[in-house]
Every structure is written in structure tokens, then in C-alpha cells.
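Student: I have a structure to read and would like some guidance. Can we go through it feature by feature?

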Amino acid sequence: GASCTTCIPEPSARYNPSGSATYATCNSDICSGTDNTQCDASSNTCLETVTYGDQSGVTAYLVRDSIGVGGLSVKANMYFGEIISTRNTTGGGTFLVGGQAGIVGVGYGSNFYDNGPNILEQITNANKLPNIFSLCVNYQQPFMSLGENYFGNPSFMFGKTAVTGDSSHYGIYINNIYLAYDGASQGVSLGLSGNTINNPTPFVDSGTSLLLLSDSVFGTFLNALQSACNSGRNLVGFCGKKLSDSIFGDYSFVLTSSQVAQYPTVQFTIDCISSTTAFPTACFSMNVPPQSWLINSNGYYYAGINSGQSRTILGDVFMQNFHVVFDRKRDYL
């Protein structure tokens, strides 16, 4: 496999299309291929607007060019977006921060723009690698690997679940959700049915910054926190406040480490594939501690868990706690 562990050194560096890129024009087929495209009449260039589950997003010119990954010799030639503007998340976080050059979509299915194979499939196939990639999206040592067959290597121990739902996203089945206080290994169930949690199918999505719960799950989660307040637990930023004035609303709060630790670890038990020699564990729990889902922004904390309206989306706040492997060949996570 090939891993990329170093961000670009120049935070303000932009993609330079001169001499290599072909811009999609307004009358091209690709410009009328989706509901999100529009024409920039001043330059006769096609624009694409993409919005993510946390309401962040980008507007970009559609260009065709060669894209490669460090360590792999063969490049993909495909359409992608040259970003010209971004929109921030509902939590106030910036879409692209210093050191990042852009965003690469790694979803299932075809390339969003021209219905051809997406960038990962093109690069892995061209370089004769397994159709597998993995992500660590934590801030300490983020990385992405291509073609590394972790599931076929008994040296690595991963919990393994099947991809479910539609053909464009990485959907999983969540058996239950628990809240665990004070380091307890097993929390108290939110008491939700499988249908409530999984209809529609939850997605694992690195393109979503927050951990978004469907309205019904989020409401039950808030009720459970309120019950903890009523039992005497001091959740600073939540207890005694209206939702809009709380850590889940429009406000952030200065918290000590002990005050952060008063909030629960959110435990997701995941439906799993039958155990094998390499995977002796049956169903497994994925834990998101308060130190992960309460986001520290220059000493002020706000909640990285919020409402995803109709669907639960396990975004970066969830994923940063794990090394996530996407086995596209066998439809495993």
C-alpha cells in the first residue's frame, strides 16, 4: 500500500491549472448532468456547488486533469472541482483550515461528475492494488492508506461490519447506543429500537465534521443528559439552560478537564460479520469519549454532537477515535 502522512507545506497553495487542466464549459454534457451545476456566464465555465450533512460545503469550477497519489506511479485522469469558495459548518468550524489543499470524495459508486470510476478506484486499479483504503482523521497523526489489505493480515485486529444501505455511501447497522459516565465500561442504553436508530441507514462519512444524530435519536440523547442533570450531575453548559443557549446551541463554554469528564462517553454497538480466525471478536462497541465530542476551540468548548435531522451521520468527531478501513472489494468496514 501507499500512505500519505505529510500535509502540503504551504497553507495558501492553490491548484495551478495552467498547461494541464481542461475546464468544463457551460454547454458541456457534464454541466447539465446534476442539479448542483450552474453556468458562470462571464467565463463560460461550469460551476458545481456541494453541501454536506453539517451544512458546510464548497463551490468549484469543474476541471479535467491528472491526479496522482505519492508513492504510486500511475495517475487518474478525471473531472474534479477547483474550489473557489467554501462554507463553514453549523458548529462554526472552518471548512478548510491551514495546511489543507482541498477535499477528496471517497464515497461508493461512480465519480459524481461524469459517472466514471471515482478517483480511488481509478488509482488503485491502475496500480494493481486491492480496492481498499483506510483513514485516521485525528489531529495528532492523520493519514490515509491505499491498497493496504488490513483485513487479510492476521497481525491487525479490527472489528468488521458490512456496508449496508444505498450504493453511494458507507452505511452500517447500529445495534444500540449507550451513555457511560465516569469511565464505566458499559453504559446505560438510550432504549431505542433498531428501526429508530437505523431508519434511514446511518452513514460513516469523513466529509462530515460533526457526529450528527437523527432527530429522534438526538432528542432521546438530550433527554438522557437532562435526566443526569436531574440526578445531580453537573453538566456545565447544559444543565439549567435552554437548548439554544447551551453547549449544543449557539454558545460555547470554558470548561476544566474535570468538567468535560462529567459528560458521558457515547457507546455505539455495531452489527458485525461472523467471526473468523483473524477476527475472533463478535459484535463490538465503538466509544466516543467526551474529550472527543466536546470540541475545544481556543479554550471554549462546544458540542460536536448535534442533530442530523432525518439521518445519523458518523462524521469526523466519531471517526477520529478509530483507524477506519474501507474494504470496497468485499463491502466491509
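Tutor: We will take the sheet, then the disulfides, then the nonpolar cores. Keep in mind that this is a predicted model.

Student: How do strands of a sheet hold together, and in what order do the 5 strands of the open sheet run here?

Tutor: The general idea comes before the case. Strands in a sheet pair through backbone hydrogen bonds, in a parallel or an antiparallel sense. Here the order across the open sheet is 9-12-20-13-19, and the pairing is mixed.

Student: Which strands stand at the edges?

Tutor: Strand 9 (170-171) and strand 19 (305-307) do. Each has a single partner strand, so one side of each has no neighbour in the sheet.

Student: In which sense do strand 13 and strand 20 pair, parallel or antiparallel?

Tutor: Antiparallel, over 2 bridges. Strand 13 covers residues 211-213 and strand 20 covers residues 313-314. To see the register, find Leu-211: Leu-314 in strand 20 stands opposite.

Student: What lies across strand 13 and strand 19?

Tutor: Helix 3, residues 215-230. The angle between helix 3 and strand 19 is about 130°.

Student: Now the cysteines. How many disulfides does the sulfur distance rule give?

Tutor: The rule asks for two cysteine sulfur atoms within 2.5 Å. By that rule there are 3 disulfides. With bonded cysteines counted along the chain, the pattern is 1-3, 2-4, 5-6.

Student: Where do the partners Cys-26 and Cys-39 sit in the chain?

Tutor: Their sulfur atoms are 1.9 Å apart. Cys-26 is in the loop between strand 2 (22-23) and strand 3 (37-40), while Cys-39 is in strand 3. The two are 13 residues apart, and the pair links distant parts of the chain. The S-S torsion is about 80°, so this disulfide is right-handed.

Student: Are Cys-26 and Cys-39 buried or exposed?

Tutor: Use the relative accessible area; under 20% means buried. Cys-26 has 19%, so Cys-26 is buried. Cys-39 has 41% and is partly exposed.

Student: What does the link of Cys-31 and Cys-46 look like?

Tutor: The sulfur atoms are 2.3 Å apart. The link is right-handed, with 95° about the S-S bond. Cys-31 lies in the loop between strand 2 and strand 3, and Cys-46 in strand 4 (residues 45-51), so parts 15 residues apart in sequence are tied together. Both Cys-31 and Cys-46 are buried.

Student: Which hand does the disulfide of Cys-229 and Cys-239 have, left or right?

Tutor: The torsion about its S-S bond is about -85°, so it is left-handed. Cys-229 lies in helix 3 and Cys-239 in the loop between helix 3 and strand 14 (253-254), so the pair ties parts 10 residues apart in sequence. The S to S distance is 1.9 Å. Cys-229 is buried, at 13% relative accessibility.

Student: On to the nonpolar cores. Which residues touch the most other members of the largest core?

Tutor: Such a core joins buried nonpolar residues through side-chain atoms within 4.5 Å. The largest has 65 residues, and Phe-221, Phe-248, Phe-268 and Trp-293 touch the most other members. Helix 3 gives the largest share, 7 residues.

Student: What is Phe-221 in contact with, leaving aside neighbours within four places in sequence?

Tutor: Its contacts are Leu-179, Leu-190, Leu-213, Phe-248, Val-266, Trp-293 and Ile-305.

Student: What lies apart from the largest core?

Tutor: Another core, of 6 residues. Among them are Ala-24, Ile-30, Cys-31 and Cys-46. Cys-31 and Cys-46 also form a disulfide.

Definitions and conventions. Residues numbered from 1 in each chain as written. Predicted model: local features only at pLDDT ≥ 70, side-chain atom pairs only at ≥ 80, totals over all residues. Heavy atoms only, no water. Pairing = 2+ DSSP bridges. Helix = DSSP H or I, 4+ residues; strand = E, 2+ residues; numbered from the N terminus. Contact = heavy atoms within 4.5 Å. Axes fitted to C-alpha atoms, helices over the stretch in contact; angles between N-to-C directions. Buried < 20%, exposed > 50% of the residue type's maximum accessible area, 1.4 Å probe, protein only.
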